Amino acid sequence: MDDTEAELAMDEGDYTGIGNEDEFEHAGDSDFEDDLDDHLLFKPEWEAAPLQPQADEDYDPEDDVFAFADDELEDIQQDACRSGFVRVPYPDPRAGQSMSHSSVDHGANMAYGAHLANDDNPYHPFNSQIKWEVARWAKVHGATSTAFTDLLSIDGVSEHLGLSFKNTNELNKIIDHELPTGCPKFQREQVVVAGESFDVYYHDIIECVKSLYGDPDFARYLTFAPERHYTDKDQTVCLFHDMHTGKWWWNMQKKLDQHCPGGTIIPIIISTDKTQVTMFRNKSAYPVYLTIGNIPKEICHKPSRGAHILLAYLPTTRLKHIANKASRRQSIANLYHACLSRVLAPLEHAGLEGINMCTGDGALRRRHPLFASFVGDYPEQLLATGIKFGDCPKCDVEKDDTESNTVQLHLRKIGEVLDALTALDQGNLAFVRACAAVGIKPVIHPFWEKLLFANIFQSVTPDVLHQLYQGLVKHLLAWLEAACGATEIDAHCRRLPPNHHIRLFTKGITTLSRICCFLLGIIIDICRLLRAVRGLLDFVYLAQYLCHSTETLQLLDEALDLFHENKLIFVDLGIRTNFNLPKLHAARHYPRMIMQFGSTDNYNTEYTERLHIDLAKDAYRATNHKDDWRLAGSHELDPYHSHPPDMTFGRKQVMVKHPSAKSVSLEMLATDYGATHFRDALAHYIAQQSRGNDPTPLHDHALNVLAHDIHFPFHRLPVFHKIKWCSVDARGYGDAHITLDSVHAKPRRKFGSHVIARRSDTALVRLGANLKDLREFHVGQVRSIPLLFPPTICLPTHLAYVEWFTPFSPAPDRNSGLYKVSCSLRGGDTMASIVSIADIERSVHLIPRFGVMAQREWTSDTVLEDCDTFWLNSYIDRYTFSMFR
């Protein structure tokens, strides 16, 4: 087996039966698009007229001409000054506009809310709080049907609690008939393939769309029309983040306007991924999930917000009764498409004619649900497109050319594929030959065949989880293990200092795949592959930006080029013979897909992986039919406008109310916390602060004289052990606060007979006002965080004792792209200062300069003292990456 076959075998998906593994020009960014598309050579996908049920790849759109009035242009310019970006609306104001504000019943949520408004009992349909809480516990905390029924069957339990239900079935009836449900009931239908019938369970997709679209929790945040976002008033740098800022929505709106102007598009996003639902007997499920592109991606990311619906369960049979492997695989593919065709069939009429739907606030619009995106890993993509294993599911590049980053790419022509599918009427042989001529398998009536404007080759989106982390990074780690040795890589990993963003794996990392945050640093001194590794890691981090611009997309291409320019080192070392990997080739499609559908977090399978637990596995194990439900809000909704996310994550610094240690002596600060020079540093800080606003800097000698005369009226201080940075709901989605970062300064302490080493994290300290200039920042090791109450001098309440590292060099290391820092010494002694914690910007992670072999006496607890030279880890999180890149 050669390298390519071995790599492809890692992606084997036998359950699928497929083997082993329009654009309208955006105003202002045409130069970039010309540069990008010249080397991609994708042809426009849609034909303007006449309107057809399917897209045609030969469509050549005319340039969009925006005719804004003077006052509209002035509003756009004011918008740029106000929010830092320019919002260009779709030129036809009818797109996405409501037809009326209906006052009729808008579904079960509002009906239930109306009932509560006329009833003194807020726990309806239960007549007391205790009954409500018992029912809530039974459905939310994962008790199985049998366990809950057995609990209620204990003599006196039901009577003592006064419950109106005596078993799970009676409780289910109350929930099903008297509480609002989040989606319609499952339907069961038989699909016949190869003479055998199979059951497919599914919800009505239109009712599911209505449920999401009409959810009161989403009403304020829904997007109804496409927009273009720019960073400047001249509209030269375009932004792509949520789906409505991508070209796909804009182009589909223009197509739809030719048939029925004023319609509102609902982008349908479908996700599929087979999963195991039991820990024994290999019981599996094949769930299909649904969400809509009108809901902001920040809401879709969180399973608790209910923005995804379990749309269907597909049959998981392997058809072992069919002896011929080729026939078996073909029958499985036909079964897959037959089932999905049945599930998605209502979209054919609804997409063309539209359906009147109400949002949760009662606004009525004519909605057109259009199939937009298919989210799945590589085997799923092949199954959906009908492409053979090893080929690209998007373009027609030859299998042996997938390793190249210069070969011209052409999106597969949907028109030719649809023509080939019509050959089925001419007999099996003609059908097989026609499909082979266009590069697909002979799939009978694929699910996307009749969907309006559907181009499955465009709809297949990037997959960060499977393509990057479980694909490229996993391969990269195997290559590095072969080049550097697993023993030495693991030895370096075990000696990394702690940080909020990483887990320390004391047994090593060579069996893991999601270790990008420190991978480059631990091989920097033992590996000749730095530039290739750096290119791939840069690509992984850039691909996950929450908001892209035409400039960052260029950086994405440059990062991939850096890998390809240096990848032959793996061949020279005998690790690889070629790089014909479909997941590596898929990286070339990322820039175009981001321009089409927004940033990659709009369609990452990582989010649906969590849904397997909430909607598939737990539901299967509980063996009851639980539906989510929420009450409709009755408050007035404020106008909401989306804006591009930034890379700061909207953080705020937080300190706990009470100190971790109420009274710590100055001697203990030196011995247990490691704050050796605390007295001198605090004296110098007070001396400097006592000069008030005097701009004249003091020389070291003068400052020493002032500090020498300062005497402390205290011998003990309260001390904090942690600084936290928590998220803020910057975009107004009602998100809960979570801890994004932290810096620890814990003392050495005893735990029984063991001594726990001190922890003194490193942090980035702001010394100036220019947050974009690295010269305004220094790295320091935080030893203690005392709380001061000086009676006569106005000082910040919370201070930190910091030991310094050297300033950043003008440029990072050429090969690794990392900055090197060392312990800052004066006369052989560590330089230390007292700073306000408000000047501590965030934690940073330093990777020791291990050399070819890590010193075996070093440990994670002591390496910051044992080593004197470090690399600043710019891959610790996306914000640090964007700051130091």
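F165 has a relative accessibility of 0%, so F165 counts as buried (buried is under 20% relative accessible area, exposed is over 50%, and partly exposed is in between, with a 1.4 Å probe and protein chains only). A quick word on what you're looking at: this is a predicted model, where local features need pLDDT of at least 70, side-chain atom pairs count only at pLDDT 80 or more, and totals for chains, interfaces and linings use all residues. Residues are numbered from 1 along each chain as its sequence is written, and side-chain values use heavy atoms, with hydrogens and water left out.

**Aromatic pairs**

Back to the rings. A pair of aromatic rings is described by the distance of the centres and the angle of the planes. Here, rings of Phe, Tyr and Trp (its six-membered ring) pair if their centres lie within 6.5 Å; planes under 30 degrees apart are called stacked, those over 60 edge-to-face, and the rest tilted. That rule gives 31 aromatic pairs. One of them joins F148 and F165 in a tilted arrangement, 6.3 Å centre to centre with 35 degrees between the planes. The two rings bring together distant parts of the chain, 17 residues apart: F148 belongs to helix α6 (residues 145-152), while F165 is in the loop between α7 (157-161) and α8 (168-178). (Helices and strands here are DSSP runs numbered from the N terminus: H or I of at least four residues for helices, E of at least two for strands.) F148 is buried as well, with a relative accessible area of 3%.

Another pair, F805 with F870, is edge-to-face, at 5.7 Å centre to centre and 85 degrees between the planes. F805 lies in the loop between β25 (799-804) and β26 (819-822) and F870 in strand β32 (residues 869-872), so this pair ties together parts that are 65 residues apart in sequence. F805 and F870 are both buried.

Which residues do ring pairs link into a cluster? They are Y123, F126, W132, W137, F148 and F165.

W137 turns up again at the surface, where W137, L151 and I154 make a nonpolar patch of about 270 Å². For patches, residues must have over 30% relative accessible area and no salt bridge; like charges are joined within 9 Å, and nonpolar side chains (Val, Leu, Ile, Met, Phe, Trp, Tyr) within 5 Å. L151 sits in helix α6 and, at 35% relative accessibility, counts as partly exposed.

**Salt bridges**

Side chains of opposite charge can pair when their charged atoms come close. With a salt bridge taken as a side-chain nitrogen of Lys or Arg within 4 Å of a carboxyl oxygen of Asp or Glu, the count is 20. Here are three of them:

| Salt bridge | N to O distance |
|---|---|
| D92 and R94 | 2.9 Å |
| K297 and D601 | 3.1 Å |
| R885 and D538 | 3.6 Å |

K297 and D601 form a bridge with N and O 3.1 Å apart. This pair spans 304 residues, linking K297 in helix α11 (residues 297-300) to D601 in the loop between α25 (590-597) and α26 (605-622). Both of these partners are buried.

The bridge from R885 to D538 comes in at 3.6 Å. Its partners are 347 residues apart, with R885 in the segment after α31 (878-884) and D538 in helix α21 (residues 530-543). R885 is partly exposed at 43% relative accessibility, whereas D538 is buried at 3%. Shared partners join R534, D538 and R885 into one salt-bridge network.

As for D92 and R94, D92 counts as buried at 16% relative accessibility, while R94 is partly exposed at 49%.

**A negative patch and a helix residue**

Where does negative charge gather on the surface? D396, E398, D400 and D401 form that patch (Lys and Arg count as positive, Asp and Glu as negative, and His and the chain ends are not counted; each charge is placed at NZ of Lys, CZ of Arg, CG of Asp or CD of Glu). D400 lies in the loop between α14 (378-385) and α15 (414-421) and is exposed, at 60% relative accessibility.

I332, in helix α12 (residues 325-344), is buried at 8% relative accessibility. Its C-alpha atom is 9.4 Å from that of A194, 138 residues away along the chain.

**The whole chain**

Zooming out, the chain has 31 helices and 32 strands. Of its 885 residues, 55% count as buried. The chain exposes about 38700 Å², with carbon and sulfur atoms supplying 50% of that; areas come from the Shrake-Rupley method with a 1.4 Å probe, and for residues only the protein chains shown count as cover.
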